[in-house]
Amino acid sequence: MLHIPVSGQPGNSPNRKSETETLTEKIYSIKEFRRIAGSLQMSVSELSDYPVVFPVKKPIISSGYGMRRHPIYKVKRFHKGIDFAAARGTPVYTTGNGIVIRKGYNSGYGNFIEIEHAGGFHSFYAHLSKMLVNKGDSVNITQQIACVGNTGVTTGSHLHYEIRKGKRFLNPTEWCYCLIEMLKDKF
């Protein structure tokens with residue numbers, strides 16, 4: 001499955017994008033994604049179709065993925081994403097090329113944006129003060145899509161960021177480092 005003939009190497013196959021997406025549709029772990037991306041010798045352009053970079057510059061993670069004591073409700077809950085400490089108005093960037101599939105307001109998440117990427121991956125950005133894209137918009141990796149805020153249930157200004165696939169929530173921390181790590185491996 002991981003071997004693609006010479007005709008399938010970057011730039012040589014008109015079906016390469018669909019072949020790559022088919023292989024990554026079954027992937028949930030960053031380890032497996034990196035293995036497939038490496039075996040396919042995916043270019044930076046191809047990797048950019050997935051959520052592979054940080055959504056803010058100079059990221060400071062204030063709350064990680066996994067079980068934690070909820071700062072408002074004071075009970076143990078599973079934190080489905082990661083929080084980045086940032087001042088209100090700090091630019092939020094899309095973590096990969098994709099299509100905005102949802103934009104709105106939720107009492108918990110506040111203002112939010114959800115983007116669909118290749119391979120069935122979704123990135124989700126919440127507690128936004130300002131949203132700069134609309135449902136149906138195509139977005140490019142590192143394009144500003146919003147500003148950090150403190151809408152919804154928060155103790156202060158920050159960005160809540162998730163990566164979803166199907167009904168699963170994936171640990172975004174490892175995905176945010178993916179492009180940097182893949183580039184290090186090439187050089």
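Which residue in β9 does Gly98 stand opposite? In this predicted model, the residue that Gly98 stands opposite is Val139 in β9, and the pairing to which strand β6 belongs is set out below, after a view of the whole chain.

## Overall composition

The secondary structure of the protein amounts to five helices and twelve strands. Of its 187 residues, 47% count as buried, while the accessible surface comes to about 9500 Å², with 53% of that area belonging to carbon and sulfur atoms.

The contacts can also be described by separation along the chain: when those between residues at least 6 apart in sequence are considered, 62% of them join residues at least 24 apart.

## Strand β6 and its partners

Strand β6, which covers residues 98–106, is joined by seven bridges to strand β7, residues 110–116, and the two run antiparallel. Within this pairing Gly104 stands opposite Phe112 in β7, and the connection from β6 to β7 is a hairpin that passes through three residues.

Strand β6 is also joined to strand β9, residues 138–139, by two bridges, and this pair likewise runs antiparallel. Gly98, which stands opposite Val139, belongs to this second pairing of β6.

## Helix α2

In helix α2, which spans residues 30–39, the buried residues are Ile30, Phe33, Ile36 and Ala37. When the helix is viewed down its axis, these buried residues fall within an arc of 130 degrees, and they therefore line one face of α2. The spacing behind such a pattern is a general one: an α-helix has 3.6 residues a turn, so residues three or four places apart point the same way.

Just after α2, the backbone at Gln41 takes a positive phi of about 50 degrees.

## Thr151 and its surroundings

Is Thr151, in the loop between β10 (144–148) and β11 (158–165), buried or exposed? Its relative accessibility is 19%, and because buried means under 20% relative accessible area, Thr151 counts as buried.

The side chain of Thr151 reaches the backbone oxygen of Leu128 at 3.2 Å. With its neighbours within four places in sequence left aside, Thr151 is in contact with Tyr105, Tyr109, Gly110, Asn111, His127 and Leu128, so that Leu128 appears both in this list of contacts and as the residue whose backbone oxygen the Thr151 side chain reaches. Among the other contacts of Thr151 are Tyr105 and Gly110, and these residue numbers fall within the ranges of β6 (98–106) and β7 (110–116) respectively.

Technical notes
Residues are numbered from 1 along each chain as its sequence is written. This is a predicted model: local features need pLDDT of at least 70, side-chain atom pairs count only at pLDDT 80 or more; totals for chains, interfaces and linings use all residues. Side-chain values use heavy atoms; hydrogens and water are left out. Buried means under 20% relative accessible area, exposed over 50%, partly exposed in between (1.4 Å probe, protein chains only). Helices (H or I, at least four residues) and strands (E, at least two) are DSSP runs, numbered from the N terminus. The arc is that of the directions from the helix axis to the C-beta atoms. Contact means heavy atoms within 4.5 Å. Accessible areas come from the Shrake-Rupley method with a 1.4 Å probe; for residues, only the protein chains shown count as cover. Two strands pair if DSSP finds at least two bridges between them. A polar contact is a pair of N or O atoms within 3.5 Å; within protein, one must be able to donate a hydrogen and the other to accept it, and residues adjacent in sequence count only if both atoms are side-chain atoms.
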